[in-house]
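Here's a quick briefing for anyone opening this structure for the first time. Have the sequence and the 3D view side by side as you read.

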Amino acid sequence: MSKTFRLGILGSGQGSNFVALAEAVAAGTLPAEISLVLSDVENAGLLTHARERHLPAQFIAPGYFRTKLDETAEHAFVAALQAAQVDLVVLAGFMRVLKGDLLRAFAGRIVNIHPSLLPSFPGLHSWKQALDHGVKVAGCTVHFVDAGVDCGPIIGQQAVPVLDTDTPESLHQRIHAAEHVLYPQCVAALARGDIFLAGRRVIWK
Ligand code: GRF
């Protein structure tokens with residue numbers, strides 16, 4: 001029997017993408033198991049959702065910095081993910097930039113979801129950036145994580161329309177709903193080994 005593909009999910013927020021991934025695992029459309037859920041925020045909704053599903057979930061204090069993990073915290077994240085024998089690190093609303101150890105330990109095995117059609121609107125509040133810019137199509141992107149911010153090779157994208165009546169909240173909601181479909185599909189393709197890299201291009205078998 002082939003080995004189960006093991007996911008380590010990292011997030012800082014409400015965890016709706018985590019829920020979408022967990023539901024896809026439960027439904028059998030994502031051939032993987034969630035081996036560990038980690039957060040840098042003690043009361044993150046993501047940890048509550050994980051514990052409700054009896055999945056191993058842990059808060060790790062991020063340390064001194066606001067936008068990245070300090071060295072001790074980064075070691076603790078790496079150690080926990082390695083101990084759980086994680087095959088793929090899935091960032092689901094993890095609000096810190098990864099540098100150093102974690103990137104090295106899981107090189108090419110970390111993915112993220114971003115609420116814009118990258119390379120447009122990297123960074124924070126992308127739905128508001130899209131609306132302010134006046135684009136007619138917005139969306140979300142699943143990508144590999146490298147040392148830059150929101151700029152690794154793109155695995156999948158889902159477009160959504162921008163309506164004349166949109167507020168930042170309504171557009172954000174539409175993008176969020178698209179994320180919940182796109183992320184499980186992309187992670188499932190990775191779990192099946194259906195994806196390979198050709199330079200910056202991600203090819204689906
Ligand atoms: C998502 O919009 C994702 O694109 C971004 O952070 C948000 C996380 O939302 N990286 P949730 O915690 O999964 O609901």
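The side chain of S126 reaches over to the backbone oxygen of G123, at 3.3 Å. Keep in mind that this is a predicted model. The points below start from S126, go through the sheet and a helix, and end with the ligand and two aspartates.

**Around S126**

- You'll find S126 in helix α5, which covers residues 126-133.
- Is S126 buried or exposed? It counts as buried, because its relative accessibility is 1% and the cut-off for buried is under 20%.
- Setting aside neighbours within four places in sequence, S126 is in contact with H114, P115, S116 and F121.

**The sheet**

- Seven strands make up an open sheet with mixed pairing, and their order is β3-β2-β1-β4-β5-β6-β7.
- β3 and β7 (154-161) sit at the edges with a single partner strand each, so one side of each has no neighbour in the sheet.
- Going from one strand to the next, the twist averages 20 degrees.
- β1 and β2 run parallel where they pair, with six bridges between them.
- Look for G8 in that pairing: it stands opposite L36 in β2.
- Helix α1 packs on the sheet and touches β1, β2, β4 (88-91) and β5 (110-114). The direction of α1 makes about 165 degrees with that of β2.

**Helix α2**

- Which residues of α2 (residues 45-52) are buried? They are L46, L47 and A50.
- These three lie on the same side of α2, because they cover an arc of only 100 degrees around the axis.
- The cover over the buried residues of α2 includes β1 (6-11), α1 (16-27), β2 (33-39) and β3 (57-59).
- After α2 comes H54, which has a positive phi, near 60 degrees.

**Around the ligand**

- Which residues surround the ligand? They are G13, Q14, G15, S16, N17, G93, I113, H114, P115, H176 and E179.
- H114 and P115 turn up here, and both are also among the contacts of S126.
- I113 takes part through its backbone: one of its backbone N or O atoms lies 2.9 Å from a nitrogen atom of the ligand.
- P115 has a polar backbone atom 3.5 Å from an oxygen atom of the ligand.
- E179 takes part through its side chain, where an N or O atom is 2.4 Å from an oxygen atom of the ligand.

**D146, in a loop**

- D146 belongs to the loop between β6 (137-144) and β7.
- With a relative accessible area of 27%, D146 is partly exposed.
- The side chain of D146 reaches the backbone nitrogen of G148 at 3.1 Å.
- Leaving out neighbours within four places in sequence, D146 is in contact with L103, C151, G152 and P153.
- From D146 to Y183 you count 37 residues in sequence, and the C-alpha to C-alpha distance in space is 18 Å.

**D166, in another loop**

- D166 sits in the loop between β7 and α6 (168-191).
- D166 counts as buried, with a relative accessibility of 12%.
- The side chain of D166 makes a polar contact with the side chain of S170, at 2.6 Å.
- A polar contact of 2.7 Å also joins the side chain of D166 to that of R174.
- Beyond neighbours within four places in sequence, D166 is in contact with L131, P161, L171 and R174.

Terms used:
Residues are numbered from 1 along each chain as its sequence is written. This is a predicted model: local features need pLDDT of at least 70, side-chain atom pairs count only at pLDDT 80 or more; totals for chains, interfaces and linings use all residues. Side-chain values use heavy atoms; hydrogens and water are left out. Buried means under 20% relative accessible area, exposed over 50%, partly exposed in between (1.4 Å probe, protein chains only). Helices (H or I, at least four residues) and strands (E, at least two) are DSSP runs, numbered from the N terminus. The arc is that of the directions from the helix axis to the C-beta atoms. Contact means heavy atoms within 4.5 Å. Two strands pair if DSSP finds at least two bridges between them. Axes are lines fitted to C-alpha atoms, for helices over the stretch in contact, and angles run from 0 to 180 degrees between N-to-C directions. A polar contact is a pair of N or O atoms within 3.5 Å; within protein, one must be able to donate a hydrogen and the other to accept it, and residues adjacent in sequence count only if both atoms are side-chain atoms. A residue is near a molecule or strand if one of its heavy atoms lies within 4 Å of it.
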